[in-house]
Amino acid sequence: MFKKLFSIKTIVAIGIGAAVFIILAKFASIPSPIPNTSIQTSYAFLALMAIVFGPIAGGLIGLIGHALNDAISYGSVWWSWVVVSMIVGFLIGLVAKKIDIESGDFSKKKIITFNITQVLAQAIGWLLIAPLLDILIYAEPANKVFAQGFFAVVSNIVTVGVIGTILLIAYAKTRSKSNSLHREL
Amino acid sequence: MKKPVIEFHNYSFKYNSQVEPTLRDLNFTIYEGEKVLIVGPSGSGKSTIGHCINGLVPFSFKGEVTGSLKILGKEAKSLDIFSLSKMVGTVLQDPDGQFIGLTVGEDIAFALENDCTEQQTMHEIVDEVAKMVEMDGYLSSSIHHLSGGQKQRVSLAGVLVDKVEILLFDEPLANLDPATGKYAIELIERIQKETNTTVVIIEHRLEDVLHCPVDRIIVIDDGRVVADMSPDQLLASEYLEKSYIREPLYVKAAKYAGCEIMEEMKPAHPSTFALDGCRDQLLTWVEAVDIVPSSEKREPILELKDISFSYEPGRKTIHDVSFSIEKGEMVSIVGKNGAGKSTLSKIICGFEKLSSGQILFDGQDITHDTIKERSLRIGLVMQNPNHMISKNMIFDEVALGLVIRGVAEEEVKERVERTLKICGLYPFRNWPISALSFGQKKRVTIASILVLEPEVIILDEPTAGQDLRHYTEIMEFLVELNRQGKTIVMITHDMHLMLEYTPRAIVIEGGRKIADDSSAAILTDSGIIQQANLKETSLFELAKRLEIGEPRRFVERFIACDREVRNIWQ
Amino acid sequence: MAVEMLSYIERKSPIHELTGVTKLICFIIWSSAAMLTYDTRILAFLFIFSIVIFFISKIKLKEISFILIFILVFLLLNNIAIYAFSPQEGVKIYGTSHVLFEIFGRYNVTIEQIFYQINITLKYFTVIPVALLFIATTHPSEFAASMNKIGVSYRISYAVALALRYIPDVQRDFRNIALSQQARGIDMSSKEKLPKRIKNATSIIIPLILSSLEKIDTISNAMELRGFGKNKRRTWYSARPFQKRDYLTLIAFVLLFVISMVVTYYDGDRFYNPFV
């Protein structure tokens with residue numbers, strides 16, 4: 001069962017996915033108009049990987065990518081937020097089968113399914129779990145952590161909604177069948 | 001009678017993603033202890049044959065198999081990929097993809113780890129195998145500190161730990177500089193002798209593989225076996241030419257001179273090639289040449305003055321390099337892997353900030369210009385096309401740079417279509433890029449730079465991974481651009497390319513310029529050849545054996561002749 | 001773009017000599033202890049102890065200063081945010097209010113608030129030296145083997161090893177792609193308007209993703225050809241055998257954990273309250 005859940009391809013996807021997640025988190029954040037915040041393209045990538053490789057890969061890319069990034073960039077791991085990345089990756093991955101991106105078809109209906117899922121997943125993660133863990137572990141003030149969570153959820157929902165959708169459309173196009181191609185003179 | 005180890009019998013294969021079968025009705029057998037070379041142009045199916053032997057087809061690449069393939073007497077379909085991997089050890093083309101471990105020792109041990117070998121035994125085997133490939137001093141080195149040739153040796157060691165009976169090399173020369181490639185071929189020869197294995201090499205660089213003896217060559221074209229014979233026999237035949245595979249240059253020269261090549265002349269190696277019968281013909285042929293005098297001095301377009309650069313403080317990667325490139329020139333920058341050639345091209349394009357020195361373009365100082373400003377004049381085509389392509393359709397990809405610059409739609413269409421025509425991509429303009437071959441993708445990236453109309457184009461390994469036909473296509477295309485006035489700088493490993501297309505070459509070694517001369521002069525200077533891991537082409541060896549006083553003339557005559565012939569193909 | 005990353009620092013020290021497994025377990029114990037407790041005495045003790053370990057490791061402060069500066073800035077901002085959002089949090093937790101001076105409205109400075117914020121900072125600080133050390137003294141090769149040894153499936157452990165192995169490759173790819181796209185006029189900095197910036201960003205991210213997916217295919221084929229996943233377990237070339245010092249260290253850390261928990265929860269509250 002374990003072997004089936006973790007095919008070699010899934011394992012490699014988790015490893016490389018985590019590496020790409022880290023590089024995007026470090027180098028590819030887009031400065032946003034709101035000071036001191038940036039658009040985290042890494043979460044758009046996480047959503048793509050979750051849809052392509054499923055919930056297990058999505059969750060583990062979030063977990064390993066975020067934990068390793070914390071470790072090599074900040075020298076310690078903020079578990080409360082790492083866990084959220086894992087949950088977000090996992091939850092988005094739950095609709096992977098339904099969306100079936102490999103078919104090359106990412107129609108309007110599927111785009112909506114994807115976006116509803118990502119909004120729900122991120123709301124659960126950033127608005128519920130992250131603040132609760134911060135309160136439990138660090139006894140941080142409730143209103144502060146909820147404000148932080150609110151901020152994260154808005155910016156990440158927009159990021160995944162816009163960039164994640166663009167990435168998935170681009171990916172779906174590369175999967176389209178090329179049987180019908182012929183040269184035009 | 002020798003024992004057969006690989007037997008293809010009426011074997012065909014079609015990938016699920018494709019309409020046409022890739023392999024059709026293959027019939028051939030490879031025997032124990034043989035060394036067989038499989039050659040074929042790009043897209044001929046030769047790599048797929050490799051995948052069939054190691055089990056990636058059909059276990060990883062799905063598709064329809066008909067007919068039979070037996071490995072060591074067992075039907076391959078009935079085995080699984082793990083049992084196959086115990087019989088066939090594969091050294092893949094891409095060393096970065098195959099090198100999975102963080103350190104040399106770990107990577108060599110990978111298969112042993114998967115077999116649950118005890119740690120002590122594992123260390124013993126790794127030590128022994130590392131010694132065989134001369135990597136024993138590097139066991140704890142990280143992959144990121146190894147050269148391409150070293151990575152390949154580690155990959156080879158990684159399959160040798162299993163005591164496999166068949167060694168399969170998929171394009172082993174693809175990413176290596178000339179001297180390292182030569183060493184790799186010698187290493188394969190030695191390992192085969194030491195381990196008594198059967199060796200299958202898939203490669204289109206025929207002459208380089210023939211540096212060491214090969215028992216048999218199988219030519220694949222369009223999914224079929226078109227020839228299966230000894231090297232001597234094959235070189236005396238027409239099959240290579242028909243399949244657009246580059247024949248060894250010395251053989252080609254003899255053919256141009258009008259000699260008839262026969263199996264008995266042992267053409268497989270330049271040193272065994274019996275010249276007696278055709279010496280006179282070759283000598284007369286050379287006499288007929290007119291050497292075109294080198295054209296007059298033109299104005300410099302790009303000048304580098306005392307360029308130095310370091311990635312980390314205190315450790316210079318580039319040391320005081322100066323050279324100048326003239327308007328309308330075609331120049332090669334050559335040197336071994338890691339010598340600093342690519343870094344130099346990045347400095348020219350402004351990707352890296354130099355620590356001292358000056359860059360002039362058309363006499364103007366551009367040292368402090370941004371990447372974007374420089375990109376209007378200098379275009380860089382990167383080695384890996386996948387690093388440049390971001391659009392799904394060919395047209396959009398080529399148009400991207402123009403669209404971003406805000407060029408009007410009409411003009412975009414006109415310029416893109418013109419460029420696509422020049423690049424031979426016009427018939428594919430509405431194709432998704434994912435449907436293209438590697439070589440076609442490369443042309444898309446050249447087109448996407450060309451469309452911006454820079455005056456200087458720098459190409460990093462423009463012909464890597466291309467067979468002779470596509471090589472000729474790309475190079476003739478660049479020559480045509482050059483005729484239209486574009487200045488072209490190429491970074492390359494390919495000595496023949498440098499000789500054939502670029503009159504002048506700059507040699508970089510250890511971040512320093514060690515030579516800047518005519519290509520022919522450089523390739524006759526044994527000191528520089530050795531220092532920069534270059535290799536003489538076999539034409540020089542032939543010229544020496546013919547006792548031609550000026551080997552350069554011989555080479556030039558050959559090049560003139562060869563290009564004329566190949567131009568007919570287009 | 002030269003962002004520094006924390007990585008293994010080669011050295012000869014007693015900490016380096018411990019096996020990866022020992023260090024991983026100690027790191028987990030330590031993190032758990034620091035997360036669970038809020039007892040100032042325990043936190044202070046753990047913090048001082050972690051600094052002692054840091055000195056034993058012979059890692060120089062200079063080598064990790066870039067990260068320390070980053071963390072200090074983060075903690076400063078975090079403290080400001082906590083005060084801004086909840087200036088009475090300390091009063092709420094400790095139940096008393098010793099006002100030092102008033103600012104305006106509900107913003108005043110109490111000893112309780114200062115004490116609470118010192119605690120929260122200390123809590124973050126306690127984890128840092130140990131986490132830093134874990135990364136700086138454990139060779140990445142030993143990482144996967146250690147995770148596998150403490151019970152994580154070797155498949156997942158190997159995914160972590162792959163991530164560590166390919167971070168530099170992906171970084172190099174990213175840089176090449178970003179530069180070549182820049183040369184075609186694509187700009188990701190704040191000079192452009194936001195929608196265009198996003199569009200430009202995707203034209204860098206898409207090639208990175210597509211080439212990474214290709215990498216996934218090549219690597220999985222290579223791993224398959226070399227027999228990965230054949231058995232229920234696998235051995236590790238870089239694993240190191242347990243020594244006496246590993247057992248001793250583990251015992252010490254477990255004891256430390258038990259003591260901190262007992263002291264913390266002895267009075268039924270994870271906070272140490274000096275005000276009553």
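**Strands, a buried helix and annotated spans in a predicted model**

In this predicted model, the unreviewed UniProt entry lists residues 6-25, 45-65, 77-96, 116-139 and 145-172 of chain A under "transmembrane region".

Reader: What makes up residues 145-172 of chain A, helix or strand?

Author: That span is 100% helix and 0% strand, and its end C-alpha atoms lie 37 Å apart. For residues 77-96 of chain A, the values are 80% helix and 0% strand, with the end C-alpha atoms 29 Å apart.

Reader: Why are strand 1 and strand 4 of chain B said to pair?

Author: Pairing requires at least two bridges between two strands. Strand 1 (residues 4-15) and strand 4 (residues 63-71) of chain B have eight bridges, in the antiparallel sense, so the criterion of at least two is met. As one instance, B:Ser12 has B:Thr66 of strand 4 as its bridge partner.

Reader: What makes strand 2 and strand 5 of chain B edge strands?

Author: The open sheet has four strands in the order 2-1-4-5. Strand 2 (23-31) and strand 5 (74-75) of chain B each have a single partner strand, so one side of each lacks a neighbour in the sheet. Helix 1 (residues 46-54) of chain B packs on this sheet, touching strand 1, strand 2 and strand 4.

Reader: Why is helix 16 of chain B called largely enclosed?

Author: A residue is buried if 20 or more other C-beta atoms lie within 10 Å of its own. Eight of the 11 residues of helix 16 (residues 394-404) are buried, so the helix is largely enclosed by the rest of the structure. Among these buried residues are B:Phe395, B:Glu397 and B:Leu400. Their cover includes helix 17 (409-422) and helix 18 (438-450) of chain B.

Conventions:
Residues are numbered from 1 along each chain as its sequence is written. Chains are lettered from A and ligands numbered from 1 in the order in which they are written. This is a predicted model: local features need pLDDT of at least 70, side-chain atom pairs count only at pLDDT 80 or more; totals for chains, interfaces and linings use all residues. Two residues are in contact if their C-beta atoms, placed from the backbone, lie within 7 Å. Axes are lines fitted to C-alpha atoms, for helices over the stretch in contact, and angles run from 0 to 180 degrees between N-to-C directions. A residue is buried if 20 or more other C-beta atoms lie within 10 Å of its own, exposed if 12 or fewer, and partly exposed in between; C-beta atoms are placed from the backbone. UniProt positions are given in the numbering used here, feature names are shortened, and annotations may be inferred rather than shown by experiment.
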